[in-house]
Amino acid sequence: MANEDLTGVQKAAVLLIALGPEKSADIFKHLKEDEIEELTLEIANTRSVSPQMKEDVLNEFYQVCLAQQYIAEGGIAYAKELLDKALGGEKAQEVISKLTASLQVRPFEFVRKTDPSQVLNFIQDEHPQTIAMILSYLTPAQAAMIMSALGPEVQADVARRIATMDRTSPDVVKEVERVLERKLSSLINQDYTIVGGVDAIVNILNTVDRSTEKHIMESMEIDEPELADEIRKKMFVFEDILLLDDRAIQRVLRDVDNNDLSIALKGANEEVQNAILRNLSKRLAAMIKEEMEFMGPVRMKDVEETQQKIVGVIRKLEDSQEIIISRGGGDEIVV
């Protein structure tokens with residue numbers, strides 16, 4: 001079978017076979033369960049791989065990686081210019097087309113390379129639906145900065161629209177993109193592009209400042225209580241430290257500065273305070289209590305920022321799988 005006759009899954013299987021078991025195992029760690037199952041089945045059904053097929057797949061993989069690197073550095077136009085020189089015009093276009101189709105190079109590439117404050121000037125007077133669509137294409141950090149700067153009356157509306165957004169027509173995407181910048185439209189994948197959704201707004205809300213997060217969630221609980229409940233189940237706020245078992249709390253506390261802990265607990269409810277203090281040594285718990293009593297009034301902004309800092313530690317530990325957060329929605333099985 002010629003290389004051009006192979007499906008994407010078949011090429012991926014050949015690539016993993018060529019890379020060997022150790023490197024393939026590392027790649028599997030970053031894939032979803034259904035992807036692993038599909039690839040495992042394909043590898044099992046692959047009886048033999050000719051040296052020529054292996055070389056062709058590896059070359060194609062290298063070219064796509066190179067193109068992706070160029071796109072990250074300077075956008076699609078820059079990538080095509082460099083690939084034209086390296087591979088020739090026809091081959092360069094073929095590689096770029098494969099990349100946009102298989103890896104879904106997303107629209108608004110130029111917006112993601114622009115300072116969020118400048119983007120805000122472009123979009124703050126747009127309709128909330130337009131703002132929601134653009135924020136869905138940005139990184140959570142960029143979207144959070146813009147969300148925080150929007151007016152309070154707009155924030156909750158935009159958040160709700162992101163959470164309920166499902167699929168956006170390519171024509172609509174192109175039109176909005178053309179208004180912001182005449183760029184990328186000819187190379188955008190024409191399939192309907194999935195953006196937004198609950199996960200998108202959770203990522204944004206997990207990044208914005210606490211007061212913005214509170215305002216959005218309180219407004220959403222009034223207007224869309226079921227949606228707010230679904231979002232909250234996927235979020236983690238400082239008070240959710242009660243979802244951690246004692247061992248996980250002790251692991252978190254090892255990475256938290258004692259002064260930060262005192263400030264964070266100053267604005268926490270009694271239940272949260274008790275959950276944390278009981279996981280400290282008696283001497284350290286007494287010292288934290290004493291410091292809280294003698295530090296005097298603390299600005300709520302400082303308390304929230306410090307709590308957010310600790311939440312950042314918790315999320316980092318969860319990402320590295322050092323702790324497990326029970327988020328509800330069914331019993332989690334740990335083996």
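How many residues does helix α1 (residues 8-19) have, and how far does the helix reach from its first C-alpha to its last? Select it and check: α1 has 12 residues and reaches 16 Å, close to the 16 Å expected at 1.5 Å a residue. Keep in mind throughout that this is a predicted model.

**The whole chain**

Zoom out before going further. Show the cartoon: the secondary structure comes to 20 helices and 2 strands. The chain has 335 residues, and 41% of them count as buried. Now consider contacts between residues with a separation of 6 or more. Of these, 74% are between residues 24 or more positions apart.

**Stop 1: α1 and its end**

Return to α1. Show the side chains of K11, A13, V14, L15 and L16, which are buried. One of the buried residues in this helix is a lysine, K11. Then step off the end of the helix. G20 follows α1, and its phi is positive, near 95°.

**Stop 2: from K11 across to M53**

Keep K11 selected and add M53. The two are 42 residues apart in sequence, yet their C-alpha atoms are 9.2 Å apart in space. M53 belongs to helix α4, which covers residues 51-74. Is M53 buried or exposed? M53 is buried, because its relative accessible area is 14% and the cut-off for buried is under 20%.

**Stop 3: helix α11**

Select residues 152-164. This is α11, with 13 residues. Draw a distance from the first C-alpha to the last: the helix reaches 19 Å, close to the 18 Å expected at 1.5 Å a residue. Colour its buried residues next. They are Q155, A156, D157, V158, A159, R161, I162 and A163. D157 and R161 are among them, so look for those side chains too. For reading any helix from the side, recall that an α-helix has 3.6 residues a turn, so residues three or four places apart point the same way.

**Stop 4: a small set of cavities**

Turn on the cavity display. How many cavities of 30 Å³ or more are there? The count is 2. Go to the second largest, which holds about 40 Å³ of space. Select its lining: E213, M217, R232, M235, F236, V237 and D240. By class, that lining has 4 nonpolar, no polar and 3 charged residues.

**Stop 5: D260 in α17**

Select residues 258-266 to bring up helix α17, then pick D260 within it. D260 counts as buried, because its relative accessibility is 13%. Show the side chain of K309 as well. The side chains of D260 and K309 make a polar contact at 2.8 Å. Expand the selection to the neighbours of D260, leaving out residues up to four places away in sequence. D260 touches T306, K309 and I310.

**Stop 6: Q307 in α20**

Add Q307, which sits in helix α20. Its C-alpha atom is separated by 8.0 Å from that of D260, and the two residues are 47 apart along the chain. Is Q307 buried or exposed? Q307 counts as buried, because its relative accessibility is 3%. Now show the backbone of A264. The backbone oxygen of A264 lies 3.0 Å from a polar atom of the side chain of Q307.

**Stop 7: along α20 to E318**

Extend the selection to all of α20, residues 300-319, and move to E318. E318 counts as partly exposed, because its relative accessibility is 21%. Pick A248 for a last distance. The C-alpha atoms of E318 and A248 are separated by 9.7 Å, while the residues lie 70 apart along the chain.

**Stop 8: Q321, after the helix**

Finish in the segment after α20, where Q321 is found. What is the phi of Q321? It is positive, about 65°, although Q321 is not a glycine. Most residues other than glycine have a negative phi. Switch to the surface view last. Q321 is exposed, because its relative accessible area is 70%.

Technical notes. Residues are numbered from 1 along each chain as its sequence is written. This is a predicted model: local features need pLDDT of at least 70, side-chain atom pairs count only at pLDDT 80 or more; totals for chains, interfaces and linings use all residues. Side-chain values use heavy atoms; hydrogens and water are left out. Helices (H or I, at least four residues) and strands (E, at least two) are DSSP runs, numbered from the N terminus. Buried means under 20% relative accessible area, exposed over 50%, partly exposed in between (1.4 Å probe, protein chains only). The expected span of a helix is 1.5 Å times one less than its number of residues. A polar contact is a pair of N or O atoms within 3.5 Å; within protein, one must be able to donate a hydrogen and the other to accept it, and residues adjacent in sequence count only if both atoms are side-chain atoms. Contact means heavy atoms within 4.5 Å. On a 1 Å grid over the protein atoms alone, a cavity is a set of points where a 1.4 Å probe fits but cannot get out, and a pocket is an open set with protein on both sides within 12 Å along at least five of seven lines; lining residues have an atom within 4 Å of a point. Grid points are joined across faces, edges and corners, and a volume is the space filled by probe spheres set on the points. Ala, Val, Leu, Ile, Met, Phe, Trp, Tyr, Cys and Pro count as nonpolar, Asp, Glu, Lys and Arg as charged, and the others, Gly among them, as polar.
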